[in-house]
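Visitor: I'm new to protein structures. Please pick one small part of this one and walk me through it slowly.

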Amino acid sequence: MSDEIFMRVALELAKEAESLGEIPVGAVVMKDGEIIGRGFNAPISRHDPSAHAEMMALRDAAQRLGNYRLVDCELFITLEPCLMCAGTIMHARIARVVYGAGDPKTGACGSVVDVFTERRLNHHTEVTGGVLAEECGAMLSKFFALRRAQQKTP
């Protein structure tokens with residue numbers, strides 16, 4: 001299946017996050033062509049700094065599989081993973097990460113650091129970036145522009 005199909009599902013989840021006042025980031029875990037985990041950003045509503053979209057999707061997939069190792073799975077995220085999420089992706093043994101927009105402030109797949117190419121680490125996930133990057137980035141840009149405008153309104 002095409003990466004764009006799974007990224008579109010992640011974009012729908014990002015919209016769900018946005019509707020709840022969360023930063024619009026969505027993620028899905030795929031295995032053998034089937035979605036086995038879904039998540040969207042929820043740190044504000046859950047009062048949990050680790051409730052990033054990819055963490056939520058990984059938790060969902062691990063529960064469904066009954067295993068914290070997600071071998072042969074792929075993770076699709078609308079935004080480049082941060083360092084915390086990249087570490088969890090490695091520990092889960094995700095085979096491949098596909099992300100939409102790069103994150104020049106906290107991206108851990110090449111934008112700021114590139115943990116998946118660090119040879120000293122014991123697991124190396126394949127990374128594909130830029131899938132539907134314009135759509136993913138536009139959703140985030142629009143969200144933050146609206147938030148800034150709301151903060152300026154008395």
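Guide: Let's start with a term: a polar contact is a pair of N or O atoms within 3.5 Å, where, within protein, one must be able to donate a hydrogen and the other to accept it, and residues adjacent in sequence count only if both atoms are side-chain atoms. The model is predicted, so local features need pLDDT of at least 70 and side-chain atom pairs pLDDT 80 or more, while totals for chains, interfaces and linings use all residues. Residues are numbered from 1 along each chain as its sequence is written, and side-chain values use heavy atoms, with hydrogens and water left out.

Now find N41, in the loop between β2 (34-40) and α2 (DSSP runs numbered from the N terminus: helices are H or I, at least four residues; strands are E, at least two). N41 counts as buried because its relative accessibility is 8%, and buried means under 20% (1.4 Å probe, protein chains only). From there, the side chain of N41 reaches 3.4 Å to the backbone oxygen of I23. Leaving aside residues up to four places away in sequence, N41 touches A17, E22, I23, V25, A51, H52 and A53, a contact being heavy atoms within 4.5 Å.

Follow I23 onward to the largest pocket, which holds about 530 Å³ of space. Of the 24 residues lining this pocket, I23, L79, D103, L140 and F144 are the closest to its centre. Two or more lining residues come from each of α2 (43-46), β3 (73-79) and α5 (133-152), with α5 giving the largest share, 5 residues. On a 1 Å grid over the protein atoms alone, a pocket is an open set of points where a 1.4 Å probe fits, with protein on both sides within 12 Å along at least five of seven lines, and lining residues have an atom within 4 Å of a point. Points are joined across faces, edges and corners, and the volume is the space filled by probe spheres set on them.

Methods: Buried means under 20% relative accessible area, exposed over 50%, partly exposed in between (1.4 Å probe, protein chains only).
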